[in-house]
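Reader: Please take a close look at a single helix of this model and at what surrounds it. I would appreciate one connected account.

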Amino acid sequence: MIYRKTHNLYLVFLGEVIGTGILGALTSYPLMKIFYGLDVHKWYYFVPYYTPAAIVDAGMGLAVVLIFQKTGLLKRMHASLD
């Protein structure tokens with residue numbers, strides 16, 4: 001959704017880190033408490049675990065898309081979707 005609005009890959013990277021690394025971690029807190037019975041006292045406990053993984057994942061995805069962009073594959077993919 002960010003890419004459709006801005007066409008900026010670096011904002012997509014940032015959105016992935018915020019969405020998965022922070023919001024995903026905050027969402028997992030009540031789920032871990034309900035389903036696994038983990039008694040974690042801080043609501044932000046999972047953020048340090050999710051955020052580095054989200055940075056690496058977003059970085060790998062950004063690298064692949066930049067390679068696609070450099071080789072012209074990204075334009076062909078856009079053209080086939082339109």
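**Helix α3 and its cover**

Author: The cover over the buried residues of α3 includes α2. The model is a predicted one, with a mean pLDDT of 91 for the protein and 100% of the residues scoring at least 70. Among the elements, helix α3, residues 47-71, has the highest mean pLDDT, at 95, whereas helix α1, residues 2-6, has the lowest, at 90.

The length of α3 can be checked against its residue count. At 1.5 Å a residue, its 25 residues should span 36 Å, and the end C-alpha atoms are indeed 36 Å apart, so the two values agree. Just after the helix, glycine 72 adopts a positive phi of about 90 degrees.

The buried residues of α3 are Thr51, Ala54, Ala58 and Leu62. Threonine 51 merits a closer view. Its relative accessible area is 17%, and it therefore counts as buried, the cut-off being under 20%. Leaving aside residues up to four places away in sequence, threonine 51 is in contact with Val17, Gly21 and Ile22.

Ile22 also belongs to a nonpolar surface patch of about 530 Å², together with Ile2, Leu11, Val12, Leu14, Ile18 and Leu23. Helix α2, residues 9-36, contributes the most to this patch, with six residues. One residue of α2 is leucine 14. Because its relative accessibility is 45%, leucine 14 is classed as partly exposed. Helix α2 thus takes part both in the cover of the buried residues of α3 and in the nonpolar patch.

Conventions: Residues are numbered from 1 along each chain as its sequence is written. This is a predicted model: local features need pLDDT of at least 70, side-chain atom pairs count only at pLDDT 80 or more; totals for chains, interfaces and linings use all residues. Side-chain values use heavy atoms; hydrogens and water are left out. Patches are made of residues with over 30% relative accessible area and no salt bridge: like charges are joined within 9 Å, nonpolar side chains (Val, Leu, Ile, Met, Phe, Trp, Tyr) within 5 Å. Accessible areas come from the Shrake-Rupley method with a 1.4 Å probe; for residues, only the protein chains shown count as cover. A salt bridge is a side-chain nitrogen of Lys or Arg within 4 Å of a carboxyl oxygen of Asp or Glu. Helices (H or I, at least four residues) and strands (E, at least two) are DSSP runs, numbered from the N terminus. Buried means under 20% relative accessible area, exposed over 50%, partly exposed in between (1.4 Å probe, protein chains only). pLDDT is the predictor's confidence in each residue, from 0 to 100. Contact means heavy atoms within 4.5 Å. The expected span of a helix is 1.5 Å times one less than its number of residues.
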